[in-house]
Amino acid sequence: MAHGIPSQGKVTITVDEYSSNPTQAFTHYNINQSRFQPPHVHMVDPIPYDTPKPAGHTRFVCISDTHSRTDGIQMPYGDILLHTGDFTELGLPSEVKKFNDWLDLVFHCKHGRNPNA
C-alpha cells in the first residue's frame, strides 16, 4: 500500500512497510485495525434477507467468492445481483454450468414472487 504525501507541489509516495509481504500485511491490519478500511469507505450493516424494499428504491444484492458453494444461500429479493470474486473452486466447465443453473433458479424463484417488485 502506498500513501501520497503532498510536499511543495510534488507528491512523495511512501511504501507501506508490509508491501513486500501480503500475508503479514493482512495479519497486521486485520488484527491491529479490526478490519482494514480506507478512510473514504463507510461500512454499512447488512439488512435481513427478507426485509421489504421501500417503494422507489433499487435494491442491489451483492455476493462474492461463492466458490461453487451456492447451496443454502438465502438470497434476498433484489433488482440487481452483483457477484464479485470467484464463483468456481477450480474453474471447471461443470462448475460454471452449476453456477449458471443456480442463477437461473434464483431468477425463477424470485421473479414474480417478490411482493415489492
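Val11 sits in strand β2, which spans residues 10-15, and in this predicted model it counts as exposed because its relative accessibility is 58%, above the 50% cut-off for that class. Together with Ile13 and Val15, Val11 makes a nonpolar patch of about 310 Å² on the surface. For the protein as a whole, the exposed area is about 9,300 Å², and carbon and sulfur atoms supply 57% of that area.

Strand β2 belongs to a fold of two helices and four strands, and read from the N terminus the elements follow the order β-β-α-β-β-α. Of the 117 residues in the protein, 15% are buried. If one takes the contacts between residues at least 6 apart in sequence, 25% of them join residues at least 24 apart.

From the surface patch we can turn to the interior. In soluble globular proteins, nonpolar side chains tend to be buried together. Here the largest nonpolar core has six residues, namely Val61, Ile63, Met75, Phe99, Trp102 and Val106. Strand β3 (60-64) and helix α2 each supply at least two residues of this core, and the largest share, three residues, comes from α2.

Two of the core residues, Phe99 and Trp102, deserve a closer look, since each of them is buried, that is, under 20% relative accessible area. Both lie in helix α2 (residues 93-110), and because they are three residues apart there, about one helical turn separates them. A pair of aromatic rings is described by the distance of the centres and the angle of the planes. With centres that lie within 6.5 Å taken as paired, the count for this model comes to two aromatic pairs. One of them is formed by Phe99 and Trp102, whose rings are 5.7 Å apart centre to centre with 35° between the planes, a tilted arrangement; the angle is classed in this way because stacked planes are under 30 degrees apart and edge-to-face planes over 60.

The aromatic grouping also takes in a residue that is not listed in the core, for ring pairs link Phe87, Phe99 and Trp102 into a cluster. Phe87 appears again among the neighbours of Phe99: leaving aside residues up to four places away in sequence, Phe99 touches Thr66, Thr70, His83 and Phe87. Phe99 is thus a residue to follow through the model, being a member of the largest nonpolar core, a partner of Trp102 in a tilted ring pair and a part of the aromatic cluster.

Conventions:
Residues are numbered from 1 along each chain as its sequence is written. This is a predicted model: local features need pLDDT of at least 70, side-chain atom pairs count only at pLDDT 80 or more; totals for chains, interfaces and linings use all residues. Side-chain values use heavy atoms; hydrogens and water are left out. Rings of Phe, Tyr and Trp (its six-membered ring) pair if their centres lie within 6.5 Å; planes under 30 degrees apart count as stacked, over 60 as edge-to-face and the rest as tilted. Buried means under 20% relative accessible area, exposed over 50%, partly exposed in between (1.4 Å probe, protein chains only). A nonpolar core is a set of buried Ala, Val, Leu, Ile, Met, Phe, Trp, Tyr and Cys residues joined through side-chain atoms within 4.5 Å. Contact means heavy atoms within 4.5 Å. Accessible areas come from the Shrake-Rupley method with a 1.4 Å probe; for residues, only the protein chains shown count as cover. Patches are made of residues with over 30% relative accessible area and no salt bridge: like charges are joined within 9 Å, nonpolar side chains (Val, Leu, Ile, Met, Phe, Trp, Tyr) within 5 Å. A salt bridge is a side-chain nitrogen of Lys or Arg within 4 Å of a carboxyl oxygen of Asp or Glu.
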